[in-house]
Amino acid sequence: MTTMDIWKTFEPDTYYKSFLEKNKRPDGRGLMSVRPITVKVGTITTADGSSTVRVGHTTVICGIKAEIATPVLRNPNQGFIVPNVELYPCCSHMFKIGPPGEKAMATSQFLKNVISSAKVLDLTDLCIVHNKLAWCLYCDVVCINYDGNLYDAALIALMAALQNVKLPAVSYDEENDKASVDIERTLPITLKARPVASTFTVYSDSIQLMDPTAEDETQGSGEVTVVLLENGSLCTTHKPGGQLILPNILDTFVDLAKQRVHAVNTLIGKEINE
Amino acid sequence: MKEVPLSTCERTSIVSALQAGLRYDNREFLEVRDITLTFGKDYGCCTATIGQTRVIAQVTCEVVEPRPSRPNEGKLSVAVHLSPMAAPHFEPGRGNDLVDELQLILDRNIKESRCLDLESLCIMADESVWHLRVDVTVLNHAGNLGDACNIASVAALRHFHRPDVTVEEDGRVTVHTLEEREPIPTFMKKVPVCLTYAFFIVDDYCYMLMDPSEKEERVMSGKLIVGLNPHGEITSLVFPGRVSLQKEQIVSCIRNAFSKAKSSAEMVQKAVDEDIEKRKSLIKPEGFINCLASDARYARQRIMRKIKTTSKTEFKIPQEPVEDLQESMDEIQIKFDPFDSDEVTTPMKVKQHTAKKVKVSKPREVASESEEEEEEGKLTSQDLQ
Amino acid sequence: MAKHACQLNFLSRSDGSALYSIGNTVALASVNGPGEVKKSNRHYNRSHLEVCYSPSTGQSMIGERTLESVILHTVEQVILVHLHPRTATNVTIQEMQSDGLALSTSVNATCLALLDAGVQMKSPFAAVTCCLTPSGTIIIEPTEAELKESEALATFVFDGQALNVLSAHQEGCLDSENFYACLRKCQTAAKDVLNFYRRIMEEKYSSDKSYN
Amino acid sequence: MSLKVGGAEIIGVVLPGDEILQFNPDVNKERICIGPGLRWEDNVVRATKPGILKKTTKKLYYVDTHQKRYIPQRREFVIGIVLKKKGDYYTIDIGGSEQATISYLSFENASKKTRKEMKPGDLIFGQLLVANKDMEPEMVCIDTYDRAVGMGSLPEGGIMFNVSLHVARLIVNPENPFLLNISKKVQYAIVTGFNGRVWVKAKKQSDMVAIMNCILMLEVMTLKEANDNVFKVFESFSRHGLK
């Protein structure tokens, strides 16, 4: 064990603070710089759409399975999209075996919220036959390695996987009330918006960190996530408690997030086109 | 959090008060606490209070497929929830004996008694029926949850109106919102009533109480919960062990229950009908806002009413000279903190103040005993006679 | 602004409780603690906080769990947890009547229940919900019908000292200009809510003054 | 110990976070004391609890809060319920977050040979010797001179009930006009613990229950109202006395 490791083990707080005083983080980044992102699509061949995303060390896989379902009575011309996030103990010691914990549930709800707020999909596009058949997209997001900033990584993975989805054509025979699926002919789904999330950890009134690692998250108190669309409008702000923030700090967050939207979306676009 | 333990003193004093013929809240043995029913903004939402016990019931409905064995009958289910709100020692999301008992009572009383015409809940035989679900949540546990849960769920069910439906040609059901079409009321054939009797066995003598409070429930030897309806039918009898009763006692219990059932059922019917009438005449129902009174306010009302009903005559203050009182007070106003005080006070011989002593002693002796207690500045006693 | 109403000390068995209503939304919150804690939840340096939200209909789903986590993190920041190590504080919220403002009503009910219980905290907190209509106007504390029509909905929780943002929750798209307009409007509304709290507490203690 | 009612100046109702006063020990030479419900941080004294801010003549500031949950404080007198015997100690429930302990030697005239025997469920009136946030509370039934001074296990035949802590603080004072008012009707002995437990003993069962109901009135009424109603409560119970 080096001296630095010992310091980190025994006095994690002062160890961490000493970096911040020099406007650096333990991994060498500045306070507002982000980690490199890599995106791969089609990594799961059995799924209808999939992606693997790495944000620094955080690795997330998203697989989308399309199933045919019956629309609900209230909305007879709409399909479904069901995001679900799983955090297994293999990705971090923070998570335990058993029913989904608070973090997994919050992330699932966050994804659901973003999809509906940003109107990522027109659910009527997923309807095959009015009041009879519609697509149901099960989007399972699994974290393989957790090193902070799950919200950003999960949303990037979900968006990349959605763009990778190819739905088979379905023909419906009205007389026999039978549907047949043509696996040869597949069509991508059209996305109406491509939101990108940016998460910040609030350390103190004057220090905020963009794209936090797991260490940043434990040292800081509370996260703020802003989700922006390409046109710059805010589609979700999520701040579940934690340290107080002044309204003008939100301003800087939004400005920084705007730059990120473009970078992330070009990255996904490039990968999809390859 | 664990439940606060019950001391021997609390246990014995309740029993000895019963032996003296009175209950802590000055009720008769067979007197029930006040019952109030309040309805929410939506149909099928009702809170019931019995004294400080408070329960909320909410009815929801959905269209489901019927059971293959009963293709033309709707479904009805009741679920009881106990959260730490009811009392700190309940754990969220975990069942306990009390929940099981309440669930059993409600299942038998409401579901299995077939008080609701389930056939009227059928939309299309074999295809779709209504499933009514009653969720009962206990908000405050101050004894007799069985009666409270029963009354709340019965009132909520009677109050409930389900949305109107039309069946399409292809067999699909369209549910209309309440704005589109008048909703349909539920039809309840018989109003189930639930009454709880608590038994205290003291020296071969059995005291029977109705509507036990939480403290009485913790002390009692056993209880009998009678589920019945005013048409003379018993729907359930729950008699959790711990006490053995004579046949006559149970019979008298049930006879008493039947005499009360009618008024209880009418009370529920009246409250529901009044609220529904109001809804028809008013444009907007008020809901819970401003019409739910807190437990503290109920307690206050109860005290005031008790006082008013009993004291018509002017009360006479005992003719004790005020100076005497002052004197005795001066004697006993010595205070000190054993940790702070440096003054040496004469050590006091501490007597065991037994119950017997107080009873047989002359007033003066009691006074001297109280004076000793006064030395600590924590105990007060006034002797005036 | 919709009408706020509150009743303290609503339940006799809880250490603190409050029935709170904004418009037609009614929530009941109860607080117990600081009390005994289970071994598995025991922290050597702070009180364990648990929030449980139960909807009026059936079991709690993922939406309710998110609500719980928002309230938990908000309360955790405000109450002085380090003053009572090895204890537990339970907050239970019951939805009584819903009209679209479940989050802000529950947060405000929680705050008043904490005040009623006398739990030590840094400052009170107030939640305000607003929505943006398609025509671009901002409605503070809308009804459910208004929410259905609206483009976006935002809820902010402010602390009582400097009106800084404790929690924020947004659904639907807002451009940054509208976002700040919402934030400012909610901030002004929060002042009224905090004044309302003060009035409620003064009422509670008004009887006490006559003791002396 | 008990606070003299009227001995403190009432400043007003405060909410947590309210600034009470600026106090910088380097600048301000006069000393102040801050009591429960207040916190000194960054040279500002702020309230942490809602309640009535009071100030005594000795510049002691404190917030008088209505609450039900007891948080043990050193030197306070409490009524505990014996839970079990554990070696040389009894564990006692005092209504706090942790169980208190009492050594069997902490009773008057107790020695290793003549140890005090108590059964689970017995009531005990004692004082807290140790009570802070980091330690288990410890109770004693003797003062520094090894005298019981009224502490010890409570005799049989009384009646015990719970009240809010502010009601307990109110009636802990024996000069309280309310208690005196009750005493015009019956003679009784009362023991009040700061943890909100009250033990009352009188000759007749009906009197004890009536006293309990009188004291419970304070929960929902002002002192004046309750005082006016004391005799009416006794009247309503008197019919039982005849039985």
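Select A:Asp211 to start: in this predicted model, A:Asp211 counts as buried, because 25 C-beta neighbours lie inside 10 Å and 20 are enough for that label. With A:Asp211 still selected, look along the backbone, where A:Asp211 sits in the loop between E10 and helix H5 (214–219) of chain A, and where its phi is positive, about 50°, although A:Asp211 is not a glycine. As background for this stop, most residues other than glycine have a negative phi, and most peptide bonds are trans.

**From the loop into the sheet**

Next, extend the selection to the strand E10 of chain A, residues 208–210, which stands at an edge of its sheet and has a single partner strand. That partner is strand E9 (residues 196–202) of chain A, which pairs with E10(A) in the antiparallel sense over three bridges; to see one such pairing, pick A:Thr201, whose bridge partner in E10(A) is A:Leu209.

Now bring chain C into view together with chain A, and trace the open sheet of eight strands, with antiparallel pairing, in the order E10(A)-E9(A)-E11(A)-E12(A)-E9(C)-E8(C)-E6(C)-E7(C). At the two edges are strand E10 (208–210) of chain A and strand E7 (138–140) of chain C, each with a single partner strand, so that one side of each is left without a neighbour in the sheet. If you look along the sheet, neighbouring strands are turned by 25° against each other on average, direction ignored.

Keep the sheet on display and add helix H3 (residues 102–118) of chain A, which lies across strand E11 (223–228) and strand E12 (234–239) of chain A as well as strand E9 (165–171) of chain C, running at about 155° to E12(A). Then add helix H2 (residues 102–117) of chain C, which also packs on the sheet and touches strand E6 (125–132), strand E8 (152–159) and E9 of chain C, its direction making about 170° with that of E6(C).

**A cis peptide in chain C**

While chain C is on the screen, zoom to C:Gly33 and C:Pro34, which are joined by a cis peptide bond with omega of about 0°. For context, C:Pro34 is found in strand E3 (residues 25–35) of chain C. The mean pLDDT of chain C is 89, with 97% of its residues reaching 70 or more, and the model as a whole scores ipTM 0.87 and pTM 0.87.

**Where chain C meets chain D**

Show chains C and D and colour the residues in contact: the contact takes 31 residues from chain C and 25 residues from chain D. On the side of chain D that touches chain C, the elements giving two or more residues are strand E1 (8–14), strand E6 (51–56) and helix H4 (223–242) of chain D. By character, the residues on that side of chain D divide into 10 nonpolar, nine polar and six charged. Chain A and chain D, by contrast, are joined by no contact, and their closest C-alpha atoms lie 14 Å apart.

**A covered strand in chain D**

Stay in chain D and select strand E11 (residues 123–132), which is mostly covered, with seven of its 10 residues buried. Which strands pair with E11(D)? Strand E8 (residues 77–86) of chain D pairs with E11(D) in the antiparallel sense over five bridges, and here D:Ile81 stands opposite D:Leu123. Strand E13 (residues 152–153) of chain D is also antiparallel to E11(D), over two bridges, with D:Ile124 opposite D:Ser153. Strand E12 (residues 135–140) of chain D pairs with E11(D) in the antiparallel sense over four bridges; there the bridge partner of D:Val130 is D:Glu138, and a hairpin joins E11(D) to E12(D) through two residues.

**Last stop: chain B**

Bring in chain B, which shares with chain D the most contacts of the five pairs of chains in contact. For chain B, an unreviewed UniProt entry lists residues 31–163 and 191–259 as "domain: Exoribonuclease phosphorolytic". Residues 31–163 of chain B are 23% helix and 37% strand, with end C-alpha atoms 40 Å apart, whereas residues 191–259 of chain B are 28% helix and 43% strand, with end C-alpha atoms 15 Å apart.

Finish at B:Asn144, found in the loop between strand E6 (128–140) and helix H3 (145–159) of chain B. Phi of B:Asn144 is positive, near 60°, in a residue other than glycine, and B:Asn144 is buried, with 26 other C-beta atoms within 10 Å.

Key:
Residues numbered from 1 in each chain as written. Chains lettered and ligands numbered in written order. Predicted model: local features only at pLDDT ≥ 70, side-chain atom pairs only at ≥ 80, totals over all residues. Pairing = 2+ DSSP bridges. Axes fitted to C-alpha atoms, helices over the stretch in contact; angles between N-to-C directions. Contact = placed C-beta atoms within 7 Å. pLDDT = per-residue confidence, 0-100. Buried ≥ 20, exposed ≤ 12 C-beta atoms within 10 Å, placed from the backbone. UniProt positions renumbered as here; feature names shortened; annotations may be inferred. Nonpolar A, V, L, I, M, F, W, Y, C, P; charged D, E, K, R; others polar.
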